[in-house]
Structure formats: structure tokens, C-alpha cells
Amino acid sequence: MVAKLIDLVFGCKHSRYSFPVTVRGSRRPQAAALTGTYVACLDCGREFPYDWQQMKVITSSAEKRAYVAAVAAKPAT
Ligand SMILES: [Zn+2]
């Protein structure tokens, strides 16, 4: 109960995630909208964007901003 409240207020603090799933096409889940790849938390079932380049799960808005900045900094190919 307390853990659920902490989850709601601070977001997912778990560390066990499913293998990253890469989604192609337009029917992406919300979590994959950012990177095209997402993982699901094995403890609470929430889905998070996953950054293959950094090999890490993006769980906070600060990390999202960092990801977007890193992508924007790359030259277009
Ligand atoms: Zn979780």
C-alpha cells in the first residue's frame, strides 16, 4: 500500500525490466513514442521508453529531455 503510494508520487523505482521491445509502424504504445523501444517493469507493469544507444531505461522527465537533446545534437543522416 505504501509502496503503491510511493510509485504514484515518485514514479517507478523498480529495477527489474522485461527485455526491450522495439516497435515499428504507427501503432506504438505511449512508452515507445520517444525512442521506438520500450521495456515493461516486471514488478508494477508500467512501461518505459528504452534507449538502445545508452542501454538504459528512461524513467524520469529529466532523462527524457537529455535523450531528446542527444538526438537533436546528432547530424541528420
Ligand atoms: Zn515498477
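**Exercise 1. Map the fold**

Work out how many helices and strands the chain has, and in what order they come.

*Solution.* Start with the count: the chain has two helices and four strands. Next, walk along the sequence, and the pattern reads α-β-β-β-β-α. Keep in mind that this is a predicted model, so check the confidence too. The mean pLDDT over the chain is 85, and 84% of the residues score at least 70. Then go element by element: β2 has the highest mean pLDDT (94), while α1 has the lowest (62). Last, look at burial: of the 77 residues in the chain, 26% are buried.

**Exercise 2. Track down the salt bridges**

Find out how many salt bridges the whole structure holds, then take a look at each pair.

*Solution.* A search of the whole structure turns up two salt bridges.

- Step 1: take D43 and R16. Their side chains meet in a salt bridge, 3.0 Å from N to O. This pair links distant parts of the chain, with the two positions 27 residues apart in sequence numbering: D43 sits in the loop between β2 (37-40) and β3, and R16 in the loop between α1 (2-10) and β1 (21-22).
- Step 2: check how open these two are. D43 has 41% relative accessibility, so it counts as partly exposed. R16 comes out at 47%, so it is partly exposed as well.
- Step 3: move on to K56 and E63, whose side chains form a salt bridge at 3.5 Å, N to O.
- Step 4: check accessibility again. K56 has a relative accessible area of 37%, which makes it partly exposed. E63 is at 25% and therefore partly exposed too.

**Exercise 3. Look at the cysteines**

Decide how many disulfides there are, and say whether C41 is buried or exposed.

*Solution.* First, recall the idea: a disulfide is a covalent bond between the sulfur atoms of two cysteines. Searching the whole structure gives zero disulfides. Now for C41: its relative accessible area is 3%, so it is buried. C44 has a value of 26%, so this cysteine is partly exposed.

**Exercise 4. Pair up the rings**

Find how many aromatic pairs the structure holds, and describe the geometry of Y17 with F48.

*Solution.* There are three aromatic pairs in the structure. Among them is Y17 with F48, an edge-to-face pair with 6.0 Å from centre to centre and 85° between the planes. These two come from distant parts of the chain, 31 residues apart: Y17 is in the loop between α1 and β1, and F48 is in strand β3. Their surroundings can be read from accessibility. Y17 has a relative accessible area of 23%, so it is partly exposed. F48 has just one thing to check, its 6% relative accessible area, so it is buried.

Now try Y50 and W52. Their ring centres are 5.3 Å apart and their planes stand at 85°, so this pair is edge-to-face. Y50 is buried, because its relative accessible area is 9%. Finally, put the rings together: F19, Y50 and W52 make one aromatic cluster.

**Exercise 5. Explore the surface around W52**

Work out which residues form a nonpolar patch on the surface, and where W52 sits in the chain.

*Solution.* The patch consists of F19, W52 and M55, which together have about 400 Å² of accessible area. W52 lies in the loop between β3 (47-51) and β4 (56-57). A patch member needs over 30% relative accessible area. W52, at 38%, counts as partly exposed, so it clears that bar.

M55 is found in the loop between β3 and β4. With a relative accessible area of 59%, M55 is exposed. Here's something else to spot in the backbone: M55 has a positive phi of about 55°, although it is not a glycine.

**Exercise 6. Sequence distance and space**

How far apart are S60 and P49, in sequence and in space?

*Solution.* Begin by placing S60, which lies in the loop between β4 and α2 (61-73). Its relative accessibility is 29%, so S60 counts as partly exposed. Then compare positions: S60 and P49 are eleven residues apart in sequence, and their C-alpha atoms are 10.0 Å apart in space.

Definitions and conventions: Residues are numbered from 1 along each chain as its sequence is written. This is a predicted model: local features need pLDDT of at least 70, side-chain atom pairs count only at pLDDT 80 or more; totals for chains, interfaces and linings use all residues. Side-chain values use heavy atoms; hydrogens and water are left out. Patches are made of residues with over 30% relative accessible area and no salt bridge: like charges are joined within 9 Å, nonpolar side chains (Val, Leu, Ile, Met, Phe, Trp, Tyr) within 5 Å. Accessible areas come from the Shrake-Rupley method with a 1.4 Å probe; for residues, only the protein chains shown count as cover. A salt bridge is a side-chain nitrogen of Lys or Arg within 4 Å of a carboxyl oxygen of Asp or Glu. Buried means under 20% relative accessible area, exposed over 50%, partly exposed in between (1.4 Å probe, protein chains only). A disulfide is a pair of cysteine sulfur atoms within 2.5 Å. Rings of Phe, Tyr and Trp (its six-membered ring) pair if their centres lie within 6.5 Å; planes under 30 degrees apart count as stacked, over 60 as edge-to-face and the rest as tilted. pLDDT is the predictor's confidence in each residue, from 0 to 100.
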